[in-house]
Amino acid sequence: MRTPSLRTIVLIASAAVSTGASAHLGTDSGVHHSFLDGLMHPLTGMDHMAAMLAVGLWSAMTARRVWLAPISFAGMLMVGALLGLGGLQLSGVEPMIAASLLVLGLLVATQAQLPSLLAAGVVGVFAVFHGIAHGTELAGGSNGWAPLVGMLVATLGLHLAGVAMGLALRSYPAWMRRVAGGLVAVVAVLPVL
């Protein structure tokens, strides 16, 4: 298998951080009505893309069970979305999403190795908050399932891209992996600035 060049990795990373952030909880005016809307949502928000890529990156760079954390994130994202669709509203969802980006970025940057179940639990907790935000956006709409399935497909695709990037970065110096994590951590503070 051919290892991607540094130029390819930089291009992917710059594409990930160049999208505009349009986070959650009403900021989209309820425009998620179709599968395609849900599919595009994680691809058009910097916070979504950074979180999903970071989970894949971190797993690929540090875990023996590379797929456990991404699958946990996707599953708990759906749990949170269903809770949000059901009317659950929590204060602090947006700060928790920002904290998830910061923590995930730091986990990638430090290449912290956690036991597999603990890693899956950490990303699972963060995913619930991401899911609640999405479910709350969709609550009261006529069809919440189609956009949720689209978001899940995009989430899994972004995890896969993160895993691929993480596996590719394994052959590069540690500083490059740390820079990738640092970029994710910076994304967490951009909406605050």
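The buried residues of helix 4 pack against helix 3, helix 6 and helix 7. In this predicted model, helix 4 spans residues 68-85, and its buried residues are A69, P70, S72, F73, A74, L77, M78, G80, A81 and G84. The spacing of such positions can be read against the geometry of a helix. An α-helix has 3.6 residues a turn, so residues three or four places apart point the same way. Helix 4 has 18 residues and extends 26 Å from its first C-alpha to its last, close to the 26 Å expected at 1.5 Å a residue. Just after helix 4, G87 adopts a positive phi of about 105°.

The setting for this packing is a chain with 8 helices and 0 strands. Along the sequence, the secondary structure follows the pattern α-α-α-α-α-α-α-α. The protein chain has 193 residues, and buried residues make up 46% of them. Its accessible surface comes to about 9,000 Å², of which 71% belongs to carbon and sulfur atoms. Contacts across the sequence were also counted. Among contacts between residues at least 6 apart in sequence, 87% join residues at least 24 apart.

One residue of helix 4 illustrates such contacts. G84 is found in helix 4 and counts as buried because its relative accessibility is 1%, under the 20% cut-off. G84 touches I132, G135, T136 and A139, when residues up to four places away in sequence are not counted. In addition, the C-alpha atoms of G84 and A133 are separated by 6.7 Å, although these two residues are 49 apart along the chain.

Helix 3 comprises residues 46-62. This helix is mostly covered, with 17 of its 17 residues buried. Helix 3 reaches 24 Å from its first C-alpha to its last, close to the 24 Å expected at 1.5 Å a residue. M49 lies in this helix; its relative accessible area is 10%, which is under 20%, and M49 is therefore buried. M49 and L158 are 109 residues apart in sequence, yet their C-alpha atoms are 6.9 Å apart in space.

The interior was next examined as sets of nonpolar residues. The largest nonpolar core has 30 residues, of which L57, F73, L104, V123 and L169 touch the most other members. The elements that give two or more residues to this core are helix 3, helix 4, helix 5 (93-110), helix 6, helix 7 (145-169) and helix 8 (174-189). Helix 3 gives the most to this core, with 11 residues. Around V123, the residues touched are V55, W58, A69, S72, F73 and L104, leaving out those up to four places away in sequence. Another core, of 6 residues, lies apart from the largest one, and its members include I97, F129, I132 and A133.

Helix 6 (residues 116-138) has 23 residues. From its first C-alpha to its last, helix 6 reaches 32 Å, close to the 33 Å expected at 1.5 Å a residue. Just after this helix, G140 takes a positive phi of about 90°.

A further positive phi occurs in the loop between helix 5 and helix 6, where Q111 is found. Most residues other than glycine have a negative phi, and most peptide bonds are trans. Phi of Q111, however, is near 55°, a positive value in a residue other than glycine. Q111 counts as buried because its relative accessibility of 17% falls under 20%.

Nonpolar residues also appear at the surface. F35, L82, W145, V149 and V153 make a nonpolar surface patch of about 450 Å². Helix 7 gives the most to this patch, with 3 residues. F35 is found in helix 2 (residues 35-44). The relative accessibility of F35 is 36%, and this residue therefore counts as partly exposed, a class that lies between 20% and 50%.

Notes:
Residues numbered from 1 in each chain as written. Predicted model: local features only at pLDDT ≥ 70, side-chain atom pairs only at ≥ 80, totals over all residues. Heavy atoms only, no water. Helix = DSSP H or I, 4+ residues; strand = E, 2+ residues; numbered from the N terminus. Buried < 20%, exposed > 50% of the residue type's maximum accessible area, 1.4 Å probe, protein only. Expected span 1.5 Å × (residues − 1). Core = buried A, V, L, I, M, F, W, Y, C linked by side-chain atoms within 4.5 Å. Contact = heavy atoms within 4.5 Å. Patch = residues over 30% accessible without salt bridge, like charges linked within 9 Å, V, L, I, M, F, W, Y side chains within 5 Å. Areas by Shrake-Rupley, 256 points an atom, 1.4 Å probe, with all protein chains shown as cover. Salt bridge = Lys/Arg side-chain N within 4 Å of Asp/Glu carboxyl O.
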